[in-house]
Amino acid sequence: MSFTRRAALASAALLMVAQPVLAAAPAKPAAAHKVAPKKAVAGSDFVPSPEAIKAHMGFLADDALEGREAGTRGYDIAANYVAAQYALLGVKPAGDKGSYLQRVPLLAFRPSGEGAVTLIGADGAASALKYGEDYLPNAQAQAADLTVEAPLVFVGFGVVDATRGRDDYAGLDVKGKIVVMLTGAPSSIQTEERAHLSSPNTKRTEAAKRGAIGVLTIPTTSGEKRRPFARGLAGMKEWRVTWRDAQDVGAIRAPGAPALAQISLAGAAKLFAGAPVALDAVLAEAEKPEGAVKGFPLASKAKVDLKTEIEKRDSSNVVGLIEGSDPTLKAQTIILSAHLDHIGIKENAKPGEDRVNNGALDNASGIATLLEVARGFKNTKVRPKRSIVLLAVTAEEKGLVGSDYFATNPTVKKADIAADVNLDMPVLLYPFTDVIAFGANRSTVGEAVAKAAGRVGVGLSGDPMPDEGLFTRSDHYRFVEQGVPSVFLMTGFQNGGEKAFTTFLKTNYHHPGDDLNQPIDYQAAAKFALVNYEIARELANAPARPVWKKGDFFGAAFAAAGHPSAAK
C-alpha cells in the first residue's frame, strides 16, 4: 500500500509529539488496576473480568510466540489458543470443515534483482533508467517474469470520482498503453475519501477499466518530502503478501494493469522529455488544493522487465459463531473482528537486545477483548437476536490480508453480514472516558455505538486525526469494500488519552517495547470489553440491520442499489 496504517500512525506520532514452554510472562502491575466492575450495565448481566483479559494477553504476548507473525509457528500457536478458548466457551466452530480455523493460503513476493526500465524514443533510440536513482521495481504476485512494452500516457493523479465530477482519463486513450500517474490525490478531497481514491488498488482498477496494461507512479513534490524515494531502497528485500485464489495464484486487484515501477522525480524528468507540458508545471499544479492536472501522451514508450521471487505460505483466521435467538434475525450476523498477528522477530537487533515484537497492545489487547466479549455472550441469560461472528484474522500487518480473504470468502452468507465492529490496538494505559469509532458518521452503526457507549458512561468522540484517513487503514475496511457498514473502535483522547497514544506511538509501537512490562490498566481493559459487548448487543438486537447514510461516499461506492445495506 502506498500509505499504510503503520506509516499513517508514524506520521501522526511525529506531528503530535524446541517446543517452547508457553507460560505467560508476569506483567508489571498497573497503578489503575483495581477490581472488576461490581455491577453490570442496566439490561445486561455481563460483568467483564480484568483478570481474564490479563491472562489472555499474558499468553498471546509471551516471548514464546515470537511476535505472532503470520505464517509462522508462533502465530499458529496463537491461533490454536484462540480456538481452544472458543471451544472452552462452547462457541460454535465457523471455520473450514467444522473447525474453528479458516485456512488462508498466502503468497509472499519480492523483487528478484533490479529489473530494468528502458525508454524508447520515436527515433528508436533506447535509454536505460538507473536502478535506485530513477526507478525502483515493483514485485509481481502473479508472474515471476514479466515484460511489458508500450507507449506512455500521463494521466495526472489517475483519479476518477463521479461524486465530484472528476475523471482524469477524460479525452485520453490508454488502451494498450502504460499509464504514468502521480501518487496520492488532490488535498481538497475529504481525507478518508482521498485515502480511498489514492489507493493503488483503486487507481489500477480505473486504469484497467480503460484498457491500460501497466502503471508507473511518480511522487508529487510534497509526497517526496514526506516519504523520500531513496527510502524505498531499504524495503526492496521485504516480502509483500497477498492471498492465493482458487487457481493458486496471488489475488490482486486489476491484474491486467499491474504496478510496474516507482519512478523518482529524477526519473520522471526523463519520462517527460519532449512532453507538451513541463514536469515542473505539472508538479506545481498538483500542489494546489484542486490538483487539476491534465493528462497527455508522452513522447517515449517504455519497456519494463521484472523478475519476482515468489513463496507459498499458509496461515489461518479463527472463526467462532454465537447463534442468535430470533428465528428470522439469527440468519444475519454481526462480525466482531480483531487481528491476531503482529510483526514477529526484530532481525537487526544488537547482541543482547530484545528481539521479540510481542504486540501486547497491537493487538493482543484486541483479541483478549474479543474473547472476553465472547464469554459475556455465552454466559448471558438473554441471547442476542442476531448471530455474532467472532473473527480473529491473520496478516493484518501484511496489508489487511486475512480480513480481505474472509470478507471475499466468508464462512457465513455474505449478504447476511449486517455489520463489522473492529478492534485494533486499544491503548489500555489510562482510565479512558471516551472511545473513537472511525466511520461512525457514515452509517447507522454509529448511532448504535453512541447509544451503547452511553450505557457504560463513555462518550463517543470524533476522529482526532482526520488527516490520516484511518477509516481506510484497518481490517474493517475490507468489509466496507464488500458493502458492509463497519467501524474501527479504539480508546479515545480524553482524560490523558492523547498523551498515552502519542507516547506509545513514539516509544513502543511496532517495537519490542510493546510488551507486558507496560503499565497496562486491566480495569480499563474490562471497561473497553464492556463497551464492545454493549455495541454488539445493540446491533444484534436492533429491529433493523444497519444501513449506510444517504449520500455517503463509501455507501455509494460499495453498496449499490439493492444491496441489503444500501441507504433507504
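## Salt bridges and a charged pocket

The lining of the second largest pocket divides by class into seven nonpolar, two polar and seven charged residues. Nonpolar here covers Ala, Val, Leu, Ile, Met, Phe, Trp, Tyr, Cys and Pro; charged covers Asp, Glu, Lys and Arg; the others, Gly among them, are polar.

This is a predicted model, where local features need pLDDT of at least 70, side-chain atom pairs count only at pLDDT 80 or more, and totals for chains, interfaces and linings use all residues. Residues are numbered from 1 along each chain as its sequence is written, and side-chain values use heavy atoms, with hydrogens and water left out.

**The pocket.** The second largest pocket holds about 270 Å³ of space. It has 16 lining residues, and Arg166, Asp167, Asp168, Ala292 and Lys294 are the closest to its centre. A pocket is an open set of points on a 1 Å grid over the protein atoms alone, where a 1.4 Å probe fits, with protein on both sides within 12 Å along at least five of seven lines; lining residues have an atom within 4 Å of a point. Points are joined across faces, edges and corners, and the volume is the space filled by probe spheres set on them.

**The salt bridges.** The whole structure contains 30 salt bridges (a side-chain nitrogen of Lys or Arg within 4 Å of a carboxyl oxygen of Asp or Glu). Three of them are listed here.

| Acid | Base | N to O distance |
|---|---|---|
| Aspartate 134 | Lysine 270 | 2.7 Å |
| Aspartate 168 | Arginine 166 | 2.9 Å |
| Aspartate 167 | Arginine 210 | 3.9 Å |

Aspartate 134 pairs with lysine 270. Aspartate 134 sits in the loop between β4 (126-128) and β5 (135-137), and lysine 270 in helix α7 (residues 265-271), so the bridge ties together parts 136 residues apart in sequence. Helices (H or I, at least four residues) and strands (E, at least two) are DSSP runs, numbered from the N terminus.

Is aspartate 134 buried or exposed? At 3% relative accessibility, it is buried. Buried means under 20% relative accessible area, exposed over 50%, and partly exposed in between (1.4 Å probe, protein chains only). Lysine 270 is partly exposed at 35%.

Arginine 166 bridges to aspartate 168. Arginine 166 is buried at 16%, and aspartate 168 is buried at 9%.

Aspartate 167 bridges to arginine 210. Aspartate 167 belongs to strand β8 (residues 166-167) and arginine 210 to the loop between α5 (200-209) and β10 (214-218), so this pair ties together parts 43 residues apart in sequence. Aspartate 167 is partly exposed at 33%, and arginine 210 is partly exposed at 26%. Elsewhere, shared partners join the salt bridges of Asp161, Arg164, Glu192, Glu193, Arg442 and Asp552 into one network.
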